[in-house]
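User: Hi! I am new to protein structures and would like to learn how to read one. Could you walk me through this example?

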Amino acid sequence: MKTKTSIKILLVLTISLFVTSNSFAQETETKNYDQGFKLGIGINGGYAFADPYKLALGADARLQYDLSKRYSITLTSGFTNLFVDGKDNDLGFIPVKAGFKAFVWEDQFYVMGEAGAAFAVTNNYDKTSLLLSPSIGYATKHIDLSLRYEHYSDFVKLNSNGTTGIGFGQIALRVAYGFDL
């Protein structure tokens, strides 16, 4: 009986010591992170996965607000041109996207999801499309490299049987220079 009581007391003391030391460790590791805005100017190159489009080129500006060291919200806009082979006209549009960025490894590698609209502005094409864009990337203090997939749900494409359909995607690489505001 005396042994059981001793074990219980030892167990309670061990748990108490662990909880106390853990709470002190959390208090000393807490640091303030200055929230703020960043601006990134980038160029994009990609490949569209639907006929008649092939190559995509564009430029954008991304405003980023850091909520913490690991999480940010973004607002991105610019201009993208989808080039067409042959006699058809290219498709140029202005993407406007809001997103959420989360750094997942060593405060440099991130995943990001954006959603918004793509407003067609060339060749009397007046369609607006829903735009969804997941991406992965690597960022330093000034350089941001990312690979993303963009899906345009309402832009016209050519099906393999010659009919027209809607909705296609592209994969693109973005290289950007960023700085604090």
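Analyst: Happy to! Let's begin with one term: two residues are in contact when their heavy atoms come within 4.5 Å. Keep in mind that this is a predicted model.

User: Which residues does Tyr-152 touch, apart from those up to four places away in sequence?

Analyst: Tyr-152 touches Phe-93, Ala-118, Ser-129, Leu-130, Leu-131, Gly-167, Phe-168 and Gln-170.

User: What is a nonpolar core, and which members touch the most others here?

Analyst: The general idea is that in soluble globular proteins, nonpolar side chains tend to be buried together. In this model the largest nonpolar core has 14 residues, and those touching the most other members are Tyr-53, Leu-82, Leu-91, Phe-93, Tyr-152, Phe-155 and Phe-168. At least two residues of this core come from each of β2 (53-66), β3 (71-84), β4 (91-105), β5 (109-120) and β7 (143-158).

User: How are the strands arranged?

Analyst: Two strands count as paired when at least two bridges are found between them. Here eight strands make a closed barrel in the order β1-β2-β3-β4-β5-β6-β7-β8, and the pairing is antiparallel. On average, neighbouring strands of this sheet are turned by 25° against each other, ignoring direction.

User: What does β1 pair with, and how many bridges are there?

Analyst: Strand β1 (residues 36-48) is joined to β2 by twelve bridges, and to strand β8 (residues 164-180) by eleven bridges. Both pairings are antiparallel. Tyr-47 is a handy residue to look at: Leu-55 stands opposite it in β2, and Ile-171 stands opposite it in β8.

User: And how do β7 and β8 meet?

Analyst: They run antiparallel, with 13 bridges joining them. One pair to find is Ile-143 with its bridge partner in β8, Tyr-177. The two strands form a hairpin with five residues between them, and Gly-162 in the turn has a positive phi of about 95°.

User: How do I tell whether a residue is buried or exposed?

Analyst: Look at its relative accessible area: under 20% is buried, over 50% is exposed, and anything in between is partly exposed. Ser-135 lies in strand β6 (residues 128-139), and it counts as buried because its relative accessibility is 7%. Outside its neighbours within four places in sequence, Ser-135 is in contact with Tyr-110, Val-111, Met-112, Leu-147 and Arg-148.

User: Where does Tyr-149 lie, and is it buried or partly exposed?

Analyst: Tyr-149 lies in strand β7, and it counts as partly exposed because its relative accessibility is 33%. Leaving out residues up to four places away in sequence, Tyr-149 touches Phe-49, Leu-132, Ser-133, Pro-134, Phe-168, Gly-169, Gln-170 and Ile-171. Take Pro-134: it is 15 residues from Tyr-149 in sequence, and the C-alpha atoms of the two are 5.9 Å apart in space.

User: What should I look for in the loops?

Analyst: Try reading the backbone angles. In the loop between β1 and β2 you will find Pro-52; a cis peptide bond joins Asp-51 to Pro-52, with omega about 5°.

User: Which phi values do Glu-106 and Asp-107 have?

Analyst: Glu-106 is not a glycine, yet its phi is positive, about 55°. Asp-107, also a residue other than glycine, has a positive phi near 55°. Glu-106 lies in the loop between β4 and β5, as does Asp-107. Glu-106 is exposed because its relative accessible area is 51%, whereas Asp-107, at 28%, is partly exposed.

Notes
Residues numbered from 1 in each chain as written. Predicted model: local features only at pLDDT ≥ 70, side-chain atom pairs only at ≥ 80, totals over all residues. Heavy atoms only, no water. Core = buried A, V, L, I, M, F, W, Y, C linked by side-chain atoms within 4.5 Å. Buried < 20%, exposed > 50% of the residue type's maximum accessible area, 1.4 Å probe, protein only. Helix = DSSP H or I, 4+ residues; strand = E, 2+ residues; numbered from the N terminus. Axes fitted to C-alpha atoms, helices over the stretch in contact; angles between N-to-C directions.
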